[in-house]
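User: Could you take a close look at one part of this model for me and walk me through what surrounds it? I'd like one connected story rather than a list.

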Amino acid sequence: ERAGVTEATVSMALANNPTLVQANAQIRAESGAAYQAGLPFNPVLGYTGEQIGVNGTAGELQGGYVSQEIVTGGKLRLSRAKWAQRAQIAATNAQAQQQRVLNDVQTQFYRALAAQQIVEIHRKLVANGEDNLLTQREMINLGQTTASSVLQAEVELRRDQLKLKDAENDIQQAWRMLAAMAGVPQLAPTTLEGTLTTDQMPLDYDSALAQLLSSSLELAAARQKIRHDQIAVERERAEPIPNILVDARVGQNIEAGDTTAGVNVGLPIPFFDKNRGTIQQAQADLSRSHAEVRRLELELQSRLATEYRTYVSAWQRVVEYQATMLPKAEEATELLRKSYKDRRATWVEVLTAQRLHTTLEVEYIDSLKTYRET
C-alpha cells in the first residue's frame, strides 16, 4: 500500500490518467523537435542548361548541379541543445504531474474512507434519535414530558435521517471521484480498507519549507528554463555568423564538346541584420526566467504557510479529541448508564450523552481527514 491507497488504485491512475498521457506525449514531441533542430539542411540537386537553342543546338551547356548550405558557428548544436532542454523541462513537468495525480488519488482515498466511516456514525445518530423519540412517546403516556418534547424529538430524528442521506450521497460522490482520478470511471464501488489515524508527528515548518524548496519539481522546471534561455541567448548570438553556400556544377559544353565544371562559394554578410533585436529578446527572456524562480520560491512559501496552518490546526484538534474530548464524553456516557441502572438518571440523559459522543466522533473523523489531506 501507498499510505493507505492500494497499489492497484495507484497503478490504474498511472496507467489511465489522461494528463499523464499528455505529459508523456509532450516529452516525445520536444525530443522529436530536438532531433530535428540539429539536422543539417538538405542538399539541392538540379538540372542546368545555358544558351538553349543557339544555332539550333541543345545549348552551350547541359548538365546538373548540387547546392548545399553549410551551417557554421555551432548553430545546429545549439538549436538541438535548446530543444533538448525543452524536452528535459517536459520530463520534469511530467514527473510533477505524476506526483499531482498520486497526491490527488491519495487525498481522494482518505476523503472516501472518511465518508465511509461518517456514514456509520450517522447511522448510530439515527438509531439514537429513534430511541429518543420512542422514549419521549413513552414518557408522554406516563405524563412525564410534554407534546413539544415529542415534536422536538421527531424533528431531531428527521434531521438525523437527512444527514445520513447526505453522508450516503457524499460517499457515492467520493467513490466516483476516486474512480475518475484512477482513470477508470466505471469501477464498481467497494468497501475501502484503511485507517485515518496516524502515529506520525506533524512536520516542523522550517524543515517542511527547506524540503519543499529543495525538492519542488516546479522549481526544478523553472531552473531548467533558465538553462534553456541561456542556450537560447548563445544560439541567437551565433545566428549572424554566416553560413557557407556552396554550388557545384558539371555538364557538357555542346559547342566545344568538352565536359566542364564550376563551383560557387558564397557567404551572406550580416551588414544590415545582426540579429540584435532577437538577441535582446532572448536576454529579456533569460532575465524573466531568473525572476520567475524567485517568484515561485515566494509563492511556494506562501502556499505552504496556508496549508501548514490548516495542517497544524487539524493535528491539534486530532490530539485534543483523542486525548481529552472523546475519552471524557465516553466516560460521561458510561457514568450515566450506571446512574440509569441505579435509577439516578433518566434514559433521556443517557441518550443525550450518547449523542454528544457520536457527534464528537464525526468531528474527530473530519479533523483526521483534514490532517491526512494537508
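Analyst:
**The R111–E373 pair and its surroundings**

R111 and E373 make a salt bridge, with their closest N and O atoms 2.7 Å apart. R111 sits in helix α3 and E373 in helix α8, so this pair ties together parts that are 262 residues apart in sequence. Bear in mind that this is a predicted model. As general background, side chains of opposite charge can pair when their charged atoms come close. The structure holds 18 salt bridges, and the R111 to E373 contact is a handy place to start because R111 lies in helix α3 and E373 in helix α8.

Let's follow E373 first. The largest pocket has a volume of about 1400 Å³, and E373 is one of the residues that lie nearest its centre, along with Q99, N103, L212 and T374. In total, 29 residues line that pocket. Which elements give two or more residues to its lining? They are α3 (75-141), α5 (205-215), α6 (217-238), α7 (276-341) and α8 (347-373). Helix α3 gives the most, with nine residues. As for chemistry, the lining is a mix: 11 nonpolar, 10 polar and eight charged residues.

Now the other partner. R111 turns up at the second largest pocket, where it is among the residues closest to the centre, together with A115, D170, A174 and K369. That pocket has a volume of about 230 Å³ and is lined by 14 residues. So what is its lining made of, by class? It divides into six nonpolar, three polar and five charged residues. Helices α3 and α4 (147-181) each supply at least two residues here, but α4 gives the most, with seven. Put the two partners side by side, then: E373 lies among the residues nearest the centre of the largest pocket, while R111 is among those closest to the centre of the second largest.

Helix α3 keeps coming up, and its packing is worth a look too. In general, two packed helices are described by the angle between their axes and the distance between the axes. Helix α2 (residues 18-37) packs against α3 at an angle of about 170°, with the axes 7 Å apart. That angle makes α2 roughly antiparallel to α3. The contact of α2 with α3 has 15 nonpolar, seven polar and three charged residues.

Helix α6 packs on α3 as well, again at about 170°, with the axes 9 Å apart. These two are therefore roughly antiparallel to each other. By class, the contact of α3 with α6 has 10 nonpolar, eight polar and 10 charged residues. Remember that α6 is also one of the elements giving two or more residues to the lining of the largest pocket.

Stepping away from the helices, there is a sheet to place as well. Four strands form an open, antiparallel sheet in the order β1-β2-β3-β4. The edges are β1 (44-50) and β4 (258-266), each of which pairs on one side only. On average, neighbouring strands are turned by 20° against each other, direction ignored. In general terms, strands of a sheet pair through backbone hydrogen bonds, either parallel or antiparallel.

Going across the sheet, seven bridges join β1 to β2, and Y47 has G64 as its bridge partner in β2. G64 in turn has V250 as its bridge partner in β3, which lets you trace a path from Y47 to G64 and on to V250. Strands β2 (residues 61-70) and β3 (residues 244-253) are joined by 10 bridges; L61 stands opposite N253 there. You can trace another path from S67, whose bridge partner in β3 is D247. D247 then stands opposite N264 in β4.

The last step is from β3 to β4, which pair in the antiparallel sense over nine bridges. One example is R249, whose bridge partner in β4 is G262. These two strands make a hairpin with four residues between them, and in that hairpin G257 takes a positive phi near 75°.

Back to where we began: the closest N and O atoms of R111 and E373 are 2.7 Å apart, and helix α3, which carries R111, gives the most residues to the lining of the largest pocket.

Conventions
Residues are numbered from 1 along each chain as its sequence is written. This is a predicted model: local features need pLDDT of at least 70, side-chain atom pairs count only at pLDDT 80 or more; totals for chains, interfaces and linings use all residues. Side-chain values use heavy atoms; hydrogens and water are left out. Two strands pair if DSSP finds at least two bridges between them. Axes are lines fitted to C-alpha atoms, for helices over the stretch in contact, and angles run from 0 to 180 degrees between N-to-C directions. On a 1 Å grid over the protein atoms alone, a cavity is a set of points where a 1.4 Å probe fits but cannot get out, and a pocket is an open set with protein on both sides within 12 Å along at least five of seven lines; lining residues have an atom within 4 Å of a point. Grid points are joined across faces, edges and corners, and a volume is the space filled by probe spheres set on the points. Ala, Val, Leu, Ile, Met, Phe, Trp, Tyr, Cys and Pro count as nonpolar, Asp, Glu, Lys and Arg as charged, and the others, Gly among them, as polar. Angles under 35 degrees count as roughly parallel, over 145 as roughly antiparallel, 65 to 115 as roughly perpendicular and the rest as oblique. A salt bridge is a side-chain nitrogen of Lys or Arg within 4 Å of a carboxyl oxygen of Asp or Glu.
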